[in-house]
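Reader: Hey, I'm new to this one. Could you walk me through it once it's on screen?

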Amino acid sequence: MAGPAGLFAVYKPAGVAWCRVREAVETRLLRELNAAPRRAPRQQIRFLPTPAPAPSGGGALELVPTRVPVLADHPLVQGPRFRRLKIGAGHRLDVKASGVFVLGIGHGNKLLTDLYNCHLTKVYTVGGLFGKATDDFSDTGKLIEKTTFDHITREKLERILAVIQGTNHKALLMYSNIDMKTQEAYELAVKGLIRPMDKSPPIITAIRCLQFALPEFQLEIHCLHETQQYLRKVVHEIGLELKSSAVCTQVRRTRDGVFTLDDALPRTQWDLRSIQDAIRNCRLKVETEIEKTLGHRDNSPVHQLDVQTAHGADS
Amino acid sequence: MAGALRAIRTAGPARPFHCRGLGGAAGPPSTRQLREAEEAAPVFQYTGKAARRKDRVFVWGFSYSGALGVPSFVKPDAGWKKPRRIQPTPYRLETEEKISSAACGYGFTLLASNTTDITKVWGTGLNKDSQLGFQRSRRDQTKGYEYVLEPSPIPLPLEKPQQTRVLQVSCGRAHSLILTDSEGVFTMGNNSYGQCGRKVIEDEIYSESYLIHQLKEFDSRVVQVACGQDHSLFRTKKGSVYACGWGADGQTGLGHYNITSVPTKLRGDIAGVNIIQVSSYGDCCLAVSDEGDVFGWGNSEYLQLASVTETTQVNVPRHLPFKIGKIKEAACGGTGNAVLTEEGNIFVWGYGILGKGPNLIETAVPEMIPPSLFGWSDFNSDICVAHIRCGLGQFAALTNRGELFVWGKNLRGCLGTGRMEDQYFPWRVTVPGEVVDVACGVDHMVSLVKSFT
């Protein structure tokens, strides 16, 4: 009997490495799967020698057919049913970041590669602080310089954000490797569907300011192919552009492709039941997204996985 | 009982953790030491609250005519450097004064500032017809320069040079117009078709000429000037339009196909209409009224006016009945036209690369360019186009966020995208600042930009 299979999202807390989260989920699932009641052991008929009842025989052994459980099915002989689970991780988060972290179990790991090839955007909430510059662009690093920031206004920040968005939009069109002279390129550009479907440098598709209260500010960033350290570098560069300096205090992923904060399971819900419910809830969304983006390529693997994940989730 | 007096060691000033001396304990700095080191660090100030945004000029395109105003592109300052024929991306032009108006002609550029100093207008580029006035050569004091490689002052014969301000400049193929606030319009350059507003003199030699003509006879103060290829348009405060120059395509709109050498008022469909903007760059002209209607006259070989007439030349202004909403601004190029509506949408028609992909080559009826190409999306739904400008074969649009989008024929790198290929849909030009105005020429462009902070 296979364990659960499919894709689900957990909420990774800050200060913990992503592999620890994956191992914690694996340990918890193993514990619950092994604690479930096992199948009753097989019974067999063995002819066991038993002393014959008196008075006839008197001491001679007699073979009596008895039903005994097969020793090979004893729990102490077999050991735990599940020793390891194949849990794969989606787009990783570094130690200081937190947020939606997609994991796949069993056959769902194949869907992880498909989701990676869809190149969907991720949404982050990035918090920043003006006035300081550190060596690793976050507020826990070694201080390099302190600057004044009282000249910064929300309009100046939004102007900088508009130009960041503009240059990144241009990069989006350039790295998508489409010939700009074709009618097809024009139509995709009108719909806004052009994006790089191969490796590319980090690209920010949208950025806006959510909160601004000197010295703190908060941005919402939609990006592709990024790392969290790149987002911290962006905050640092915004500080430089405004003739001051800035450090990043918080990086929180609020959306990873189709998985949002509502789908992410907090630590109290990392158990078998909630994970199976989460897999079932997200299955449809994931399939429609993969179908839409990669559907025009080979169809059969997606359908095969569909059947297998259906069986895995229901058991 | 008070025992022996003990020396109480006072805590010294907080020293950074790496200067512990021999008395302190070893180990990584504690949180308190880190916090104290941070508070003791000096604060640098790079700019104050009263810092103003700086005004800059960026140029790009073909440089050998001198139109970009950077002499080192044409004559490099070191022997091993190569001359730069085309500047494919925006290049900053250092100017002494804040430039408030710029215009690109066919191979030359005029920059004007609305200051009250003596020098108000600078010109650079081609000067074979004295379209930049007389530029005395330094090698031979009797001759003038044919090509001006650097923005050089143009002396104007003003009556009150320290009070008059230059409002706008405009350039055509070989002539220029300078609009002042109280002394009318100054014209210079080629006058073989009367485009400078003075009588055509046979066999006149236009190069190295000192003549700058002044035009004052209009029904009210002139508020806008526009140059076509070989004709000039003047718009007055009362809303009437005057024209002079070549008329073989009907671009003077005076009802005939002859040359006009005196600015004459236009009639036709714009008689009595309050016109708020005129535009022309080739042989076709467009005018916008205060009620949002657009009128056109001139060349119609490229279907520019085909919505009202089948003839290829229209010599009287005709109303173009387009049902696209109230029109705010119009821009007329060589073969294609564009208008900007109140909602911030651009409509294009005519012939050439119109901006809707390689399949749309010509249309007589205006077609809208989808706003998503200018950055509009559900995420940014308040982006709209604020201004539209035309060169001979290209278009430029400015959004309300200060971004510049260009499309059209990329003649000698005039689009500024960094590539040499034509651009079939609006493409962002990366300019380090907020673009306030842009002027398009045949093979170069000039933009007026405000820095970010």
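Author: Sure. Bear in mind that this is a predicted model. A place to begin is chain B, where four strands make an open sheet, ordered β16-β17-β18-β19, with antiparallel pairing.

Reader: Okay, which strands stand at the edges there?

Author: β16 (275-280) and β19 (313-320) of chain B. Each has a single partner strand, so one of its sides has no neighbour in the sheet. From one strand to the next, the twist averages 15 degrees.

Reader: And how many bridges link β17 and β18 of chain B?

Author: Five bridges, in the antiparallel sense, between β17 (residues 284-289) and β18 (residues 294-299) of chain B. Within that pair, Ala287(B) sits opposite Phe295(B) of β18(B).

Reader: What actually holds strands together in a sheet, in general?

Author: Backbone hydrogen bonds, with the strands running either parallel or antiparallel.

Reader: Got it. Switching to chain A: what do β9 and β10 form?

Author: β9(A) and β10(A) make a hairpin, with two residues between them. Strand β9 covers residues 203-213 of chain A, and its antiparallel pairing with β10(A) runs over nine bridges.

Reader: I clicked on His222(A). Where does it lie?

Author: His222(A) is in strand β10 of chain A, which spans residues 216-224. Across the hairpin, His222(A) is the bridge partner of Ala206(A).

Reader: Is His222(A) buried or exposed?

Author: Buried: its relative accessible area is 16%, and the cut-off for buried is under 20%.

Reader: What's around it, then?

Author: The side chain of His222(A) makes a polar contact of 2.9 Å with that of Glu220(A). Setting aside neighbours within four places in sequence, His222(A) also touches several residues, among them Lys122(A), Val123(A) and Ile203(A) in chain A, plus Phe379(B) from the other chain.

Reader: Oh, so the chains meet. How many residues does each chain put into the contact?

Author: Chain A gives 35 residues and chain B gives 37 residues. Between them the two chains bury about 3,400 Å², with 62% of that on carbon and sulfur atoms.

Reader: Which residues of chain A lose the most area to chain B?

Author: Lys146(A), Arg159(A) and Tyr186(A), which together account for 20% of what the chain A side buries.

Reader: Last one: how far does helix α4 of chain A reach?

Author: Helix α4(A), residues 154-175, reaches 31 Å from its first C-alpha to its last, close to the expected 32 Å for its 22 residues. Just after α4(A) comes Asn177(A), which has a positive phi of about 55 degrees.

Conventions:
Residues are numbered from 1 along each chain as its sequence is written. Chains are lettered from A and ligands numbered from 1 in the order in which they are written. This is a predicted model: local features need pLDDT of at least 70, side-chain atom pairs count only at pLDDT 80 or more; totals for chains, interfaces and linings use all residues. Side-chain values use heavy atoms; hydrogens and water are left out. Buried means under 20% relative accessible area, exposed over 50%, partly exposed in between (1.4 Å probe, protein chains only). A polar contact is a pair of N or O atoms within 3.5 Å; within protein, one must be able to donate a hydrogen and the other to accept it, and residues adjacent in sequence count only if both atoms are side-chain atoms. Contact means heavy atoms within 4.5 Å. Two strands pair if DSSP finds at least two bridges between them. Axes are lines fitted to C-alpha atoms, for helices over the stretch in contact, and angles run from 0 to 180 degrees between N-to-C directions. The expected span of a helix is 1.5 Å times one less than its number of residues. Buried area is the accessible area (1.4 Å probe) that two parts lose on being put together, summed over both.
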